[in-house]
Amino acid sequence: MENSQADKKKCKGAKPDGSCCTVAALPGSDFCFFHDPARAGERQEAQALGGRRHCMKTLNADAPDVKVEDCQDVRLLIAETINQVRKGAIDPRVANAVGYLANVFIKAVEQGDLESRLKEIEAIVKNQRSSSELKVEI
Ligand SMILES: [Zn+2]
């Protein structure tokens, strides 16, 4: 088992620190995927894709939670997010998600306001009806 490992051709590339690359060379090549000059384009694509997938800049997981209870809180959060994305502290996609969720939050708050106002109006109308019905009966 160990012999077959040792027999595998090692990459002739060098690591960033100058030491030899220890990764097995690709079949038909003197280099591994990361060092093969013939695969530079492919590698760049893979790195860009990997970057897009995995290296999304976010705040640290231990960053304090923000209070989001009313529209003023959302205003502060959006202002903070704008500055964070401007300074590169968070990925614009994270900022987009924050913006989207803030929108959903504000709509939910508005919906809640409308519902409570509607209930008040319904109660007033019901009161007026019952008092006018009383008048009719009299
Ligand atoms: Zn290599």
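## A turn after helix 3

Just after helix 3, the residue G88 adopts a positive phi of about 75°. The helix that precedes G88 covers residues 71-86, and its 16 residues reach 22 Å from the first C-alpha to the last, which is close to the 22 Å expected at 1.5 Å a residue. In an α-helix there are 3.6 residues a turn, so residues three or four places apart point the same way.

## The overall picture and its confidence

The structure shown here is a predicted model, and the confidence of the prediction is therefore worth reading alongside the coordinates, since low pLDDT is where the predicted coordinates should not be read in detail. The protein averages a pLDDT of 86, and 87% of the residues score at least 70. Among the elements of the protein, helix 3 has the highest mean pLDDT, at 95, whereas helix 1 has the lowest, at 50.

The protein contains 4 helices and 0 strands, and along the sequence these elements follow the pattern α-α-α-α. Of the 138 residues in the protein, 4% are buried. When contacts with a separation of 6 or more are considered, 32% of them join residues that are 24 or more positions apart.

## L26 in the loop between helix 1 and helix 2

Helix 1 spans residues 2-7 and helix 2 spans residues 40-54, and L26 is found in the loop between them. Is L26 buried or partly exposed? L26 has 17 other C-beta atoms within 10 Å, and it is therefore partly exposed, given that a buried residue needs 20 or more.

Leaving aside the neighbours within four places in sequence, L26 is in contact with F31, C32, F33 and D36. The C-alpha atoms of L26 and K8 are separated by 9.7 Å, although these two residues are 18 residues apart along the chain.

## C32 in that loop

C32 also has its place in the loop between helix 1 and helix 2. Because C32 has 19 C-beta neighbours inside 10 Å, C32 counts as partly exposed. Along the chain C32 and K12 are 20 residues apart, and their C-alpha atoms are separated by 8.0 Å.

Which residues are in contact with C32, once its neighbours within four places in sequence are left aside? They are C11, G13, C21, V23, A24, A25 and L26. The contact between C32 and L26 thus appears in the list for C32 and also in the list for L26.

Definitions and conventions:
Residues are numbered from 1 along each chain as its sequence is written. This is a predicted model: local features need pLDDT of at least 70, side-chain atom pairs count only at pLDDT 80 or more; totals for chains, interfaces and linings use all residues. Helices (H or I, at least four residues) and strands (E, at least two) are DSSP runs, numbered from the N terminus. A residue is buried if 20 or more other C-beta atoms lie within 10 Å of its own, exposed if 12 or fewer, and partly exposed in between; C-beta atoms are placed from the backbone. Two residues are in contact if their C-beta atoms, placed from the backbone, lie within 7 Å. The expected span of a helix is 1.5 Å times one less than its number of residues. pLDDT is the predictor's confidence in each residue, from 0 to 100.
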